[in-house]
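User: I would like to go through a model together, starting with the overall fold and then one residue.

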Amino acid sequence: MSSPSSPSMPFAPAAPASATSRRWKPSPLICTAAAVHAGAAVALAARPGAWPWAAGGVAASHLVLTAAGLWPRSTLLGPNWTRLPEHAGQRIALTIDDGPDPEVTPRVLDLLDRHDVRATFFCIGDLARRYPRWIEAIVARGHAVENHSQRHRHTFSLSGPLVMKREIETAQRTLTEIAGVAPRFFRAPAGLRNPFLEPVLCGLGLHLASWTRRGFDTCAKDSGTVTRRLTTGLAPRDILLVHDGHAARDARGEPLVLDVLPALLRAAAERQLQWTTLRACLNEEAAEIDHADLP
Ligand SMILES: [Zn+2]
């Protein structure tokens with residue numbers, strides 16, 4: 001049923017690509033929060049009696065920052081791919097999280113091969129280490145491997161910058177070594193984050209990606225509901241999220257994603273939407289900028 005990676009690796013990159021760091025530019029919300037903190041310190045020094053106002057301002061800014069981090073599709077903490085860039089036109093992207101899984105990933109790969117569709121797999125470093133052949137197969141069959149942290153800890157969004165950096169950097173090393181090409185995107189476990197994430201991603205040259213719509217296929221009961229969530233309003237430049245790891249199963253014990261994908265691919269074809277990967281769009285964007293720089 002499954003096809004392991006072929007030795008010729010027809011889609012494999014010629015050489016490992018390393019991500020180059022980006023310059024961190026604090027978002028307007030981060031700048032505002034920093035100004036509130038500075039203002040509170042100045043007010044406290046000038047009028048110690050004003051401490052309730054100063055403390056209230058600081059607490060309110062923390063509340064807003066926390067809320068922004070708990071909202072996966074928010075761009076308040078920094079850039080976040082919630083849709084493909086405009087130049088993607090009629091294309092959409094399928095992203096598949098939490099693998100590789102030795103049972104589900106091969107079946108997903110076979111299904112995508114049958115439809116000649118390329119997807120973006122957000123993989124967990126620890127699982128990549130345990131099942132390296134499926135990382136190799138993902139790349140060999142023309143898909144992209146991106147970074148979904150080393151351990152997929154649900155406490156990720158509570159981490160400080162050092163723990164966050166270690167978690168992402170370890171996954172980056174693991175996935176680059178096995179896939180032979182460096183991830184360009186990061187997706188936070190459960191999409192949850194905090195203000196420390198964007199500077200860490202900038203240092204590692206990674207871009208944050210969330211999604212336009214997701215099927216909640218790790219906790220749904222039936223594939224019809226998941227398919228409806230993904231296809232209702234399906235539009236050009238959408239980024240869709242399903243899972244090959246932690247996949248929910250139907251009454252027969254079959255992973256829902258295997259039922260959802262054929263229906264989703266059909267819906268995309270009916271709307272004349274084509275599939276692409278996040279990194280293909282990123283490369284095109286870079287090429288456009290290079291081209292614009294030419295005399
Ligand atoms: Zn995940």
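Analyst: The overall architecture comes first, followed by one serine.

Analyst: This is a predicted model, in which local features need pLDDT of at least 70, side-chain atom pairs count only at pLDDT 80 or more, and totals for chains, interfaces and linings use all residues. Residues are numbered from 1 along each chain as its sequence is written.

User: Which domains is the protein divided into?

Analyst: There is domain 1 (28–69) and domain 2 (86–290), with bounds from an automatic or database domain assignment. Their centres, taken over C-alpha atoms, are separated by 37 Å.

User: What does the secondary structure come to?

Analyst: The protein has ten helices and eight strands, counted as DSSP runs (helices H or I, at least four residues; strands E, at least two) and numbered from the N terminus.

User: Now Ser157. Where is its place?

Analyst: Ser157 is in the loop between strand 3 (144–147) and helix 6 (161–179).

User: Is Ser157 buried or exposed?

Analyst: Ser157 counts as partly exposed because 19 other C-beta atoms lie within 10 Å. A residue is buried with 20 or more such atoms within 10 Å, exposed with 12 or fewer, and partly exposed in between, with C-beta atoms placed from the backbone.

User: Which residues does Ser157 touch?

Analyst: Leaving out residues up to four places away in sequence, Ser157 touches Gly69, Ala188, Leu192, Arg193 and Asn194; contact requires C-beta atoms, placed from the backbone, within 7 Å. The C-alpha atoms of Ser157 and Arg193 are 4.2 Å apart, although 36 residues separate the two along the chain.

Notes
Two residues are in contact if their C-beta atoms, placed from the backbone, lie within 7 Å.
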